[in-house]
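This report follows how helices pack within a chain and between chains. Please keep the sequence and the coordinates at hand while reading.

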Amino acid sequence: MERIPILRMGKLLLVTIQVDMHDRLAMTLQDDLTDRIVKDEAKGVLIDISALDLVDSFIGRMISNTAAMARVLDASTVVVGMQPAVAITLVELGLTLTGVKTALNVEKGVALLEKSMRR
Amino acid sequence: MSGYSAPAFEFNPSLLPVGGAMVQQSQSLPLHSDEHVVMLRKVVRERSIELQFGLVDQTKLITAASEIARNTLKYGGGGEVRLQNLDTGAKVGVCLTFVDDGPGIVDMERAMTDGYTSGGGLGLGLGGARRLVDDFEICTQPGKGTAVILIKWKRC
């Protein structure tokens, strides 16, 4: 089955979405990530969406839900690299990803996660 | 229209035909699986690049198409989408017509309201898609089906 790879780096899980996600793939990623947070005792999740040229309500909801599930499992989530056109479209669509931490790039995202882990 | 089956219900959109517009490159795609939705996004992206849409307008149109395609699939039980390029002489655009023969929409006002969903979604699909395109029309007949028309014009 088609899957998006999840990489572990210390206490962090890294995901780079590089394919146009259909809905089932998005749900699989959500399930895989929550499993891995528990299995790897991860404290942070970084989702890089810089290669995504579309975030619709379904993908947006997957991102929000993943962040909420991670929080319940004692891990923080940062979404990085959103393209400006995607941000404009997402807000006009009515999704603001409330409660999801964001950063402009991977470097800033990792710094944000490390800061939240030190607390 | 080649390869395009007319809706099973009375379909009299006020948007179509767009007055004076030449219709070019008419094409129909099936909408029966997640993969079809991904395929549609790709084709709409290609069309909007061909017409030299700006990046934001490309993204808006594709996102709107994705939302409505999901509705066709999820609530309409699948259907098809017709893609057309429009050229009025003064402006060019893309027209997408989504048709299903599902249960239709009984309470249109509620369906268009942000946050209302009859399924498990966020309830942003219809209202959100309407905000992302220039022209939007929905025709529905309970028990017979639904058609949604999206038009996005290239900004000059």
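Two residues are taken to be in contact if their C-beta atoms, placed from the backbone, lie within 7 Å. By that criterion, in this predicted model, 18 residues of chain A are in contact with 24 residues of chain B. On the side of chain A that touches chain B, the elements giving two or more residues are helix 1, helix 2 and helix 3 (84–93) of chain A, and the largest share, 6 residues, comes from helix 3 of chain A.

Two of these helices of chain A can be set side by side, each with its buried and exposed residues.

| Helix of chain A | Buried residues | Exposed residues on the other side | Residue that follows, with its phi |
|---|---|---|---|
| Helix 1 | Leu25(A), Ala26(A), Leu29(A), Leu33(A), Ile37(A) | Asp31(A), Asp35(A), Val38(A), Lys39(A) | Glu41(A), positive, near 50° |
| Helix 3 | Val86(A), Thr89(A), Leu90(A), Leu93(A) | Pro84(A), Val91(A) | Gly94(A), positive, near 115° |

Helix 1 of chain A has 17 residues (residues 23–39), which at 1.5 Å a residue should span 24 Å, and its end C-alpha atoms are indeed 24 Å apart. In this helix Leu25(A), Ala26(A), Leu29(A), Leu33(A) and Ile37(A) are buried. Because these residues cover an arc of only 105° around the axis, they lie on the same side of helix 1 of chain A. An α-helix has 3.6 residues a turn, so residues three or four places apart point the same way. The partners against which the buried residues of helix 1 pack are strand 1 (6–9), strand 2 (12–16), strand 3 (44–48) and helix 2 (57–72) of chain A.

In helix 3 of chain A, the buried residues are Val86(A), Thr89(A), Leu90(A) and Leu93(A). Seen down the helix axis, they fall within an arc of 100°, and therefore line one face of helix 3 of chain A. What covers these buried residues includes helix 2 of chain A, together with helix 2 and helix 4 of chain B.

How do the axes of helix 2 and helix 4 of chain B cross, and within what distance do they come? The axes of helix 2 (residues 55–74) and helix 4 (residues 125–132) of chain B come within 9 Å and cross at roughly 155°. Angles over 145 degrees count as roughly antiparallel, and the two helices of chain B are therefore roughly antiparallel to each other. Their crossing is left-handed. Among the residues that make the contact are Lys60(B), Ala64(B) and Asn71(B) of helix 2 of chain B, and Gly125(B), Ala129(B) and Leu132(B) of helix 4 of chain B.

Definitions and conventions. Residues numbered from 1 in each chain as written. Chains lettered and ligands numbered in written order. Predicted model: local features only at pLDDT ≥ 70, side-chain atom pairs only at ≥ 80, totals over all residues. Helix = DSSP H or I, 4+ residues; strand = E, 2+ residues; numbered from the N terminus. Expected span 1.5 Å × (residues − 1). Buried ≥ 20, exposed ≤ 12 C-beta atoms within 10 Å, placed from the backbone. Arc of directions from axis to C-beta. Axes fitted to C-alpha atoms, helices over the stretch in contact; angles between N-to-C directions. Parallel < 35°, antiparallel > 145°, perpendicular 65-115°, else oblique. Left-handed = near helix turned anticlockwise from the far one by under 90°.
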